[in-house]
Amino acid sequence: MSIMALFKSYPAISDITLPLALLCMWSHLFRYARMTLVVGCMLLVATVLTPLLWHLWIHAGSANANFYFSMSILYGIAQILLVSDVIYSFLEYQFDLRNGLPRSLDKTGQSITVKLS
């Protein structure tokens with residue numbers, strides 16, 4: 001779903017809502033994510049500035065389409081980074097499951113190893 005939204009020339013805000021909603025199902029991968037702050041800031045900046053630059057371009061006439069297009073490029077880069085970060089997190093999670101992931105118990109403090117059979 002998010003892959004199809006990457007290739008649109010002018011994306012809409014609804015293109016990211018479904019992948020972000022489905023991302024909550026993969027909450028166990030958040031500890032493996034590497035670029036959450038970068039992706040979050042990029043999506044926030046793109047979400048705030050895109051309507052502002054569209055207003056300046058269409059209604060005020062003080063900006064041109066290049067400013068609006070640059071925000072759609074920023075939005076696309078944020079989506080690419082989000083998809084690649086989720087794929088990386090999933091691969092790291094699978095690696096830890098296959099090779100043994102050391103975990104400690106809360107009550108006894110003994111460490112156990114979780115392996116995928």
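Here are some short exercises with worked solutions on the structure above, which is a predicted model.

**Exercise 1. Get your bearings**

Work out how many helices and strands the protein has, and in what order they come.

Solution. Start by counting: there are 4 helices and 2 strands. Now read along from the N terminus, and the order comes out as α-α-α-α-β-β. Next, look at burial across the chain: of the 117 residues, 27% are buried. Finally, look at the contacts between residues at least 6 apart in sequence: 61% of them join residues at least 24 apart.

**Exercise 2. Check the cysteines**

Find out how many disulfides the structure holds, and decide whether cysteine 24 and cysteine 41 are buried, partly exposed or exposed.

Solution. First, the bond itself: a disulfide links the sulfur atoms of two cysteines covalently. The count here is 0 disulfides. Then take the side chains one by one. Cysteine 24 has a relative accessibility of 55%, so it goes down as exposed, because the exposed class begins over 50%. Cysteine 41 comes in at 42%, so it is partly exposed.

**Exercise 3. Walk around a pocket**

Describe the second largest pocket: what is its volume, which residues are closest to its centre, and which helices supply at least two residues of its lining?

Solution. Begin with the volume, which is about 230 Å³. Then go to the lining: it has 15 residues, and Leu23, Phe30, Thr36, Val39 and Leu82 are the closest to the centre. Now trace the helices. Helix 2 (14–23), helix 3 (36–60) and helix 4 (65–99) each give the lining at least two residues. Last, sort the lining by chemistry: 11 residues are nonpolar, 3 are polar and 1 is charged.

**Exercise 4. Two serines in one helix**

Serine 89 and serine 72 both lie in helix 4. For each, say whether it is buried or exposed and which residues it touches beyond four places in sequence.

Solution. Take serine 89 to begin with. Its relative accessible area is 2%, so it is buried, since the cut-off for buried is under 20%. Now look for a polar partner: a polar atom of the serine 89 side chain lies 2.8 Å from the backbone oxygen of aspartate 85. Setting aside neighbours within four places in sequence, serine 89 is in contact with Leu29, Tyr32 and Ala33.

Move on to serine 72. With 12% relative accessibility, serine 72 is buried too. Once residues up to four places away are left out, serine 72 touches Ser9, Tyr10 and Pro11.

**Exercise 5. A proline and a histidine**

Place proline 19 and histidine 55 in their helices, classify each by accessibility, and give a C-alpha separation for each.

Solution. Proline 19 first: you'll find this residue in helix 2. Its relative accessible area is 14%, so proline 19 is buried. Isoleucine 3 is 16 residues away along the chain, and its C-alpha atom is 9.7 Å from that of proline 19.

Histidine 55 sits in helix 3. A relative accessible area of 38% makes histidine 55 partly exposed, because that class runs between 20% and 50%. For the separation, pair histidine 55 with tyrosine 68, 13 residues apart along the chain: their C-alpha atoms are 9.5 Å apart.

Note on methods: Residues are numbered from 1 along each chain as its sequence is written. This is a predicted model: local features need pLDDT of at least 70, side-chain atom pairs count only at pLDDT 80 or more; totals for chains, interfaces and linings use all residues. Side-chain values use heavy atoms; hydrogens and water are left out. A disulfide is a pair of cysteine sulfur atoms within 2.5 Å. Buried means under 20% relative accessible area, exposed over 50%, partly exposed in between (1.4 Å probe, protein chains only). On a 1 Å grid over the protein atoms alone, a cavity is a set of points where a 1.4 Å probe fits but cannot get out, and a pocket is an open set with protein on both sides within 12 Å along at least five of seven lines; lining residues have an atom within 4 Å of a point. Grid points are joined across faces, edges and corners, and a volume is the space filled by probe spheres set on the points. Ala, Val, Leu, Ile, Met, Phe, Trp, Tyr, Cys and Pro count as nonpolar, Asp, Glu, Lys and Arg as charged, and the others, Gly among them, as polar. A polar contact is a pair of N or O atoms within 3.5 Å; within protein, one must be able to donate a hydrogen and the other to accept it, and residues adjacent in sequence count only if both atoms are side-chain atoms. Contact means heavy atoms within 4.5 Å.
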